[in-house]
Amino acid sequence: MSDETQHGQTTGRSTESPAEPTPGAPAEPTARTGRRTQPEADGASARRGRRAWWIAAGLVVLLVVVGGVVWAVAGGDEEPVAEPTTPPAVTITNPLPTPEVSPVAKEPGTPLYDLMPTTVLQFALSATTTEEPGLAPWTDGALEVHRLAYVDADGTELIVVATQWETAQEAETARAAADAAVAAELPDAVATTDPVLVGEAQTGTATTRAGDPTGVVTWSNGTAVLRAEGPADVVRDVFLAFPI
């Protein structure tokens, strides 16, 4: 056995050279290294670029559509509508009634008597009388008492009794007594209370009792006390229109 043959058997490895690739044969596949080759990376980048472009274009179209909707809802080219306005409040006051008959002449007298009007609303003075205090219980102690009769065109009568007192306290006591007498005479009458004002100062109290068909209002104003009796639907208006 030659030395060369013996050497080959001793090492146990083939001495044949690797086979050369056959020209034109496909190359053996290589193991993946975990990284894309350059052509694959370029293709992925191109696809991402196209996708971003389409997303941007879609957003632009969406903004245009939303803008158009908002413009259409807002009215587009329509003329602006004027804001509604509230007209100023209008207060209508009916004129006060006036008498259709002429009042009788009234001679000068005491300061209280001179203040008594010859007309009030639709009523005109028809007669006057000076009475002694105490003829009516609530007038007891008064300095003076005047009875005045008023009529309207239909002959409806309004009677006013005016009294003068020494102090405002005495006057208020007399007014309360006069109202208590009315409450006893008209137990079913509806009562209404009003302040008597001179400017912004309260100088007395008024109580109206409207029965059926008669009503009575009594009020004090400083040292004067008055009682008016007439149709139930007008006696409170008489008080409001009376100059005292």
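A residue is described as buried when its relative accessible area is under 20%, as exposed when that area is over 50%, and as partly exposed in between. By this definition D179, with a relative accessible area of 11%, is buried in the predicted model. The same terms are used below for the residues of helix α4 and for those that take part in salt bridges.

Helix α4 spans residues 168–185. The helix has 18 residues and reaches 26 Å from its first C-alpha to its last, which is close to the 26 Å expected at 1.5 Å a residue. Its buried residues are A171, A174, R175, A178, D179 and V182. Seen down the axis of α4, these buried residues fall within an arc of 135 degrees, so they line one face of the helix. On the other side of α4, by contrast, Q169, T173 and A184 are exposed. The buried residues of the helix pack against three strands, namely β6, β7 (214–221) and β8.

The structure holds six salt bridges, and among them are two that involve residues of α4. In one, D179 is paired with R209, and the closest N and O atoms lie 2.9 Å apart. This pair links distant parts of the chain, since D179 belongs to helix α4 whereas R209 belongs to strand β6 (residues 201–210), 30 residues away. R209 counts as buried at 16% relative accessibility, because this value is under the 20% cut-off, and its partner D179 is likewise buried, at 11%.

In the other, the side chains of R227 and E185 meet at 3.9 Å, N to O. Here too distant parts of the chain are linked, with R227 in strand β8 (residues 224–231) and E185 in helix α4, 42 residues apart. The two partners differ in their surroundings: R227 counts as buried at 15% relative accessibility, whereas E185 is exposed, with a relative accessible area of 54%. E185 and R227 are, moreover, linked with E229 in a network of salt bridges.

A further salt bridge is formed between E131 and R147, whose closest N and O atoms are 2.6 Å apart. E131 lies in strand β2 (residues 123–131) and R147 in strand β3 (residues 144–151), so that this pair, 16 residues apart, also links distant parts of the chain. E131 counts as buried at 18% relative accessibility, while R147, at 34%, counts as partly exposed because its value falls between the two cut-offs of 20% and 50%.

Note on methods
Residues are numbered from 1 along each chain as its sequence is written. This is a predicted model: local features need pLDDT of at least 70, side-chain atom pairs count only at pLDDT 80 or more; totals for chains, interfaces and linings use all residues. Side-chain values use heavy atoms; hydrogens and water are left out. A salt bridge is a side-chain nitrogen of Lys or Arg within 4 Å of a carboxyl oxygen of Asp or Glu. Helices (H or I, at least four residues) and strands (E, at least two) are DSSP runs, numbered from the N terminus. Buried means under 20% relative accessible area, exposed over 50%, partly exposed in between (1.4 Å probe, protein chains only). The expected span of a helix is 1.5 Å times one less than its number of residues. The arc is that of the directions from the helix axis to the C-beta atoms. Contact means heavy atoms within 4.5 Å.
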